[in-house]
Amino acid sequence: MQIPKNLFYTKEHEWIEFQDDVAIIGITDFAQSQLGDVIFIEFPEIGGMIKSGSSFGEVEAVKTVSDLYAPISGEVFAVNEELDDMPELVNNDPYGKGWLIKINPSNIKEKESLLNDTQYKKFVE
């Protein structure tokens with residue numbers, strides 16, 4: 001199971017990467033392994049606001065459907081449209097080409113409630 005050191009994590013198994021004023025969000029390697037083969041992602045609308053801890057979409061796998069939860073609040077400015085045709089990227093490359101959304105964070109202090117790689121590793125063990 002991969003848990004990159006440069007990312008932050010939630011107990012709902014989302015990851016978030018901060019790049020300047022942008023936050024990229026996806027689901028963890030652990031989450032995709034529990035879901036099985038991903039077949040569809042329901043994204044939020046571009047321009048819409050997401051709120052920390054609230055559902056912003058769903059990931060549908062062969063086994064189940066699971067809500068996606070926002071690690072922090074912000075405005076959605078991009079969704080990974082490549083996943084419409086290739087949802088398996090979430091399984092094959094969850095921390096790279098399988099990213100889900102990009103947001104402009106509205107409250108960077110919410111970052112303090114996220115788990116670092118060591119905390120997340122202990123959480124999933």
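**Close-up 1. Lys5 and its salt bridge to Asp117.** Lys5 is exposed, because its relative accessible area in this predicted model is 70%, where exposed means over 50%. Lys5 pairs with Asp117 in a salt bridge, and their closest N and O atoms sit 3.7 Å apart. Follow the chain and you will see that this pair links distant parts of it: Lys5 belongs to the segment before β1, Asp117 belongs to helix α4, and 112 residues separate the two. By the rule used here, the count of salt bridges comes to one.

**Close-up 2. The surroundings of Asp117.** Here the view turns to the acidic partner, Asp117, in helix α4. Asp117 counts as buried because its relative accessibility is 14%, and buried means under 20%. Leaving aside neighbours within four places in sequence, Asp117 is in contact with Ile3, Pro4, Lys5, Leu7 and Tyr9. So the salt bridge joins an exposed residue, Lys5, to a buried one, Asp117.

**Close-up 3. Lys122 in helix α4.** Staying with helix α4, which covers residues 117-124, we come to Lys122. With a relative accessible area of 61%, Lys122 is exposed. Lys111 makes a handy reference point: Lys122 and Lys111 are 11 residues apart in sequence, and their C-alpha atoms are 19 Å apart in space.

**Close-up 4. Thr10 in a loop.** Thr10 is placed in the loop between β1 (8-9) and β2 (14-19). Is this loop residue buried or exposed? Thr10 counts as buried, because its relative accessibility is 8%. Not counting residues up to four places away in sequence, Thr10 touches Pro71, Leu114, Leu115 and Tyr120.

**Close-up 5. A patch of negative charge.** Four acidic residues, Glu42, Glu58, Glu60 and Asp67, gather on the surface in a patch of negative charge. One of them, Glu58, lies in strand β6, which spans residues 55-61. Glu58 counts as partly exposed because its relative accessibility is 31%; for a residue to take part in a patch, this value has to be over 30%.

**Close-up 6. A nonpolar surface patch.** Which residues make the nonpolar patch of about 290 Å²? Ile39, Phe40 and Val62 make this patch on the surface. Phe40 is found in strand β4, residues 38-42. At 43% relative accessibility, Phe40 counts as partly exposed.

Definitions and conventions. Residues numbered from 1 in each chain as written. Predicted model: local features only at pLDDT ≥ 70, side-chain atom pairs only at ≥ 80, totals over all residues. Heavy atoms only, no water. Patch = residues over 30% accessible without salt bridge, like charges linked within 9 Å, V, L, I, M, F, W, Y side chains within 5 Å. Areas by Shrake-Rupley, 256 points an atom, 1.4 Å probe, with all protein chains shown as cover. Salt bridge = Lys/Arg side-chain N within 4 Å of Asp/Glu carboxyl O. Lys, Arg positive; Asp, Glu negative; His and termini not counted. Charge placed at Lys NZ, Arg CZ, Asp CG, Glu CD. Helix = DSSP H or I, 4+ residues; strand = E, 2+ residues; numbered from the N terminus. Buried < 20%, exposed > 50% of the residue type's maximum accessible area, 1.4 Å probe, protein only. Contact = heavy atoms within 4.5 Å.
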